[in-house]
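I opened a fresh page in my notebook today. These are my entries, written as I went along, so feel free to follow with the structure open beside you.

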Amino acid sequence: MSEETTPPRPSLAMLLQSGPMPRSAAPAAEADAGTAEQEAPPRVAAQDEIQDSVGDDRRMEQDEDTPTHAGSVAPSFLRHASAGSIAARRPPRWQWLLLATLTLLLAVQVVIADRATLAARAGWRPVVSGLCAVLRCTLPAWHQPEAYTMLQREVRPLAGRQGVLQVQASFRNDARWAQAWPALSLSLSDADGRVIGRRLLQPHDYLGAAHDPAQRLEPGQSAQVSFQLREPSAATVAYTFEFR
């Protein structure tokens, strides 16, 4: 049997003198470099993930520090608290109804207390009349003397009685509402146009004692009156009627 001999290990001086590495070793080195390059991307990706996570954390911190805008949705407990405070500040409905009722009653009292003045106005007359029809209050008669229209008039001496004039007149109520009988103003003039006598006659003067003060002339109703009047002077030639 032959003994195996182990070749001696080269010394450091020999390795330094041997020069560059054989070409067969270059591919292995290149393969190691390629492996290193392939393994590098995962490390870059890991760094990107770390940066992304850090950026997300910073954005979350900024979002927490940023105040909530008016248009953003508030938390539920804040919404409930806000709705409760608004409901607490809003007066109950019964208070509004009570205020409206008191205002209406005050307005009715004012109208009733001043109904005589308001009833003398054409715009307020229907309102006050309807209110009094419900509350059973009385209204003064409508007074509009210019709405009376003279239809016929005649003044002549009374036969058999010297110095006495017989007056006859007919007139009509052209107002929108019933009126009390008017007062008649009769003026007598001479030939020169000078007024020599004037007489104001109330309804009981030309209707007599049987006149009812509550009697009214309805719209469109006509009336005829006749009465006697003492002539103030024989020079009377003209007369004028006016309603008061």
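Below are my notes, entry by entry, on what I looked up in this predicted model.

**Entry 1: the sheet around E4**

I began with the strands. I found 3 strands in an open sheet, with the order E5-E4-E8 and antiparallel pairing. Which strands sit at the edges? They are strand E5 (195–201) and strand E8 (238–243), and each of them pairs on one side only. I also looked up the twist, which averages 15° from one strand to the next.

Next I went through the pairings of E4. E4 and E5 run antiparallel and are joined by 6 bridges. E4 and E8 also run antiparallel, with 6 bridges joining them.

I then picked Leu184 and looked for its partners. Its bridge partner in E5 is Leu201, and its bridge partner in E8 is Phe243. I also noted Ser189, which stands opposite Ala238 in E8.

**Entry 2: how covered is E4?**

I wanted to know how many residues of E4 are buried. The count is 6 of its 6 residues, so I wrote down "mostly covered".

I checked the two faces as well. On one side, Leu184, Leu186 and Leu188 are buried. On the other side, Ser185, Ser187 and Ser189 are buried too, and both faces of E4 are therefore covered.

**Entry 3: the turn from E4 to E5**

E4 and E5 make a hairpin with 5 residues between the strands. Within this hairpin, Gly193 takes a positive phi near 85°.

I also looked for charged partners around here. Arg194 and Asp190 meet through their side chains in a salt bridge, at 3.1 Å from N to O. Are these two residues buried or exposed? Arg194 has a relative accessible area of 54%, so I marked Arg194 as exposed. Asp190 is at 9%, which means that Asp190 counts as buried, the cut-off being under 20%.

I added one more name to this entry: Asp190, Asp192 and Arg194 are linked in a network of salt bridges.

**Entry 4: other salt bridges**

How many salt bridges does a search of the whole structure find? I got 5. Here are two more that I wrote down.

- Arg156 forms a salt bridge with Glu154, and their closest N and O atoms are 3.4 Å apart. Arg156 is partly exposed at 36%, and Glu154 is partly exposed at 31%.
- Glu242 forms a salt bridge with Arg244, with the closest N and O atoms 3.0 Å apart. Glu242, at 38% relative accessibility, counts as partly exposed, and Arg244, at 45%, counts as partly exposed.

**Entry 5: aromatic rings**

I reminded myself that a pair of aromatic rings is described by the distance of the centres and the angle of the planes. Counting pairs whose ring centres lie within 6.5 Å, I got 7 aromatic pairs.

I looked at Phe171 and Trp181 in detail. Their ring centres are 6.2 Å apart and their planes are at 85°, so I filed the pair as edge-to-face. The cut-off I needed for that step is an angle over 60 degrees.

Where do these two residues lie? Phe171 is in strand E2 (residues 164–173), while Trp181 is in the loop between strand E3 (179–180) and strand E4 (184–189). The pair therefore ties together parts that are 10 residues apart in sequence.

Both residues count as buried: Phe171 is at 0% relative accessibility, and Trp181 is at 13%. I also noted that Tyr148, Phe171, Trp181 and Phe243 form one aromatic cluster. Phe243 was already on my page, as the bridge partner of Leu184 in E8.

**Entry 6: out on the surface**

Which residues form a nonpolar patch on the surface? I listed Trp94, Leu98, Leu102 and Leu105, with about 430 Å² of accessible area together. One of them, Leu102, is found in helix H4 (residues 93–113).

**Entry 7: a loop residue with positive phi**

My last stop was Arg136. It lies in the loop between helix H6 (125–135) and strand E1 (148–157). Its phi is near 60°, a positive value in a residue other than glycine. At 78% relative accessibility Arg136 is over the 50% cut-off, so I marked Arg136 as exposed.

Definitions and conventions:
Residues numbered from 1 in each chain as written. Predicted model: local features only at pLDDT ≥ 70, side-chain atom pairs only at ≥ 80, totals over all residues. Heavy atoms only, no water. Helix = DSSP H or I, 4+ residues; strand = E, 2+ residues; numbered from the N terminus. Buried < 20%, exposed > 50% of the residue type's maximum accessible area, 1.4 Å probe, protein only. Patch = residues over 30% accessible without salt bridge, like charges linked within 9 Å, V, L, I, M, F, W, Y side chains within 5 Å. Areas by Shrake-Rupley, 256 points an atom, 1.4 Å probe, with all protein chains shown as cover. Salt bridge = Lys/Arg side-chain N within 4 Å of Asp/Glu carboxyl O. Phe/Tyr/Trp six-rings, centres within 6.5 Å; stacked < 30°, edge-to-face > 60°. Pairing = 2+ DSSP bridges. Axes fitted to C-alpha atoms, helices over the stretch in contact; angles between N-to-C directions.
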